[in-house]
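Trainee: Could we go through this model together? I would like to know what stands behind the words we use for it.

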Amino acid sequence: MIDSHAFSPSATRRILLLGGTSEASAMARALAEEGMEAVFSYAGRTASPITQPLPMRVGGFGGIEGLAQYIREQGITHVVDATHPFAAQMSAHAVAACSQANVALAALERQPWAPQTGDDWRIVPDLAAAVQALAGEPACVFLAIGRQNLGLFAGQKHHYLLRLVDPAPQPLANATVVVDRGPFTVGGDLALLRRHAITHIVAKNAGGSGASAKLEAARLLGLPVILIDRPFIPDRLVFSEVDQVMRWLHAGSSAERGV
């Protein structure tokens with residue numbers, strides 16, 4: 001782990017913000033408002049990424065070595081990982097690259113969802129387990145996992161509802177695609193689930209408020225939810241609020257951890 005105390009509060013800071021989430025956009029606004037020198041990085045999986053109030057770069061870095069090289073060449077002093085909780089490879093690369101380049105790293109990570117009274121959840125460890133959990137009679141499944149791993153579900157006879165940010169080819173023969181971008185509302189998701197006669201929901205435990213409406217709608221309708229647990233990410237400094245990250249950047253301290 002990097003000792004963030006090694007960074008002087010008065011030192012010049014140049015920040016690499018790894019984004020793609022609503023939390024990253026909030027972080028970008030906070031950095032821009034304070035006039036901090038920063039670059040916003042998108043992975044490039046979305047055709048029309050949201051414009052940010054910071055200089056933007058789009059695309060991968062070329063693995064751990066490529067990210068470490070970018071950090072050195074660009075004079076990056078601090079990296080803030082505000083990627084999706086399921087972007088485990090990018091987050092792991094950030095941990096390793098920051099260690100190689102000897103720069104400070106902190107994650108801005110949203111809290112996971114927790115079951116409430118009335119929820120019918122089955123928590124599974126990964127996508128393969130989610131596929132197994134759907135084994136059985138054909139059903140109408142809201143497959144809310146993004147587009148990266150849809151092919152894993154192709155061997156089943158269910159009808160799938162997909163909600164994607166961009167229109168794109170997908171590997172499921174029996175599927176209905178809705179193109180939409182969150183945040184979503186409970187009323188809207190209730191109508192969506194009813195309109196498509198959904199019987200099951202499969203989702204990743206992304207946390208946050210932008211995509212939680214489907215879980216509230218499932219609770220109201222009494223629908224079962226197969227919820228995929230978060231992947232392993234190597235140990236790192238984690239915050240849950242933008243202002244915590246800003247204090248860390250100003251102080252150069254790892255004393256305060258997110259919960």
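**Reasons behind the labels**

Mentor: Gladly. This is a predicted model, and helix 6 (residues 213–221) is a good place to begin: its buried residues are Ala-213, Lys-214, Leu-215, Ala-217 and Ala-218.

Trainee: What makes Lys-214 and the others in helix 6 count as buried?

Mentor: Buried means a relative accessible area under 20%, and Lys-214 is listed in that class together with Ala-213, Leu-215, Ala-217 and Ala-218. The cover over these residues includes strand 6 (120–124), strand 7 (140–144), helix 5 (186–195), strand 10 (200–204) and strand 11 (224–228). Just after helix 6 comes Gly-222, with a positive phi of about 70 degrees.

Trainee: Why is Asn-102 called exposed?

Mentor: The cut-off for exposed is over 50%. Asn-102 has 53% relative accessibility, so it counts as exposed. Asn-102 sits in the loop between helix 3 (88–101) and strand 5 (104–108), and its phi is near 60 degrees, a positive value in a residue other than glycine.

Trainee: And why is Ala-197 called partly exposed?

Mentor: Partly exposed lies between under 20% and over 50%. Ala-197 has a relative accessible area of 47%, so it is partly exposed. Ala-197 also has a positive phi, near 50 degrees, although it is a residue other than glycine. Its place is the loop between helix 5 and strand 10.

Trainee: What makes a positive phi or a cis bond worth pointing out?

Mentor: Most residues other than glycine have a negative phi, and most peptide bonds are trans. The bond from Gly-182 to Pro-183 is cis, with omega near 10 degrees. Pro-183 is in the loop between strand 9 (175–179) and helix 5.

Trainee: How do you know that the radius of gyration agrees with a compact globule?

Mentor: For 259 residues a compact globule would have a radius of gyration near 18 Å; the chain has 20 Å, which agrees. The C-alpha trace spans about 60 × 35 × 30 Å along its principal axes. Buried residues make up 47% of the 259 residues.

Trainee: How confident is the predictor, and where is the pLDDT below 50?

Mentor: The chain averages a pLDDT of 90, and 91% of the residues score at least 70. Over residues 1–10 the pLDDT is below 50, though this stretch has 27 contacts in the model beyond near neighbours in sequence. Residues 253–259 are also below 50, and that stretch has 21 such contacts. Where pLDDT is low, the predicted coordinates should not be read in detail.

Key: Residues are numbered from 1 along each chain as its sequence is written. This is a predicted model: local features need pLDDT of at least 70, side-chain atom pairs count only at pLDDT 80 or more; totals for chains, interfaces and linings use all residues. Side-chain values use heavy atoms; hydrogens and water are left out. The radius of gyration is taken over C-alpha atoms; the globule rule is 2.2 Å times the number of residues to the power 0.38. Buried means under 20% relative accessible area, exposed over 50%, partly exposed in between (1.4 Å probe, protein chains only). pLDDT is the predictor's confidence in each residue, from 0 to 100. Contact means heavy atoms within 4.5 Å. Helices (H or I, at least four residues) and strands (E, at least two) are DSSP runs, numbered from the N terminus.
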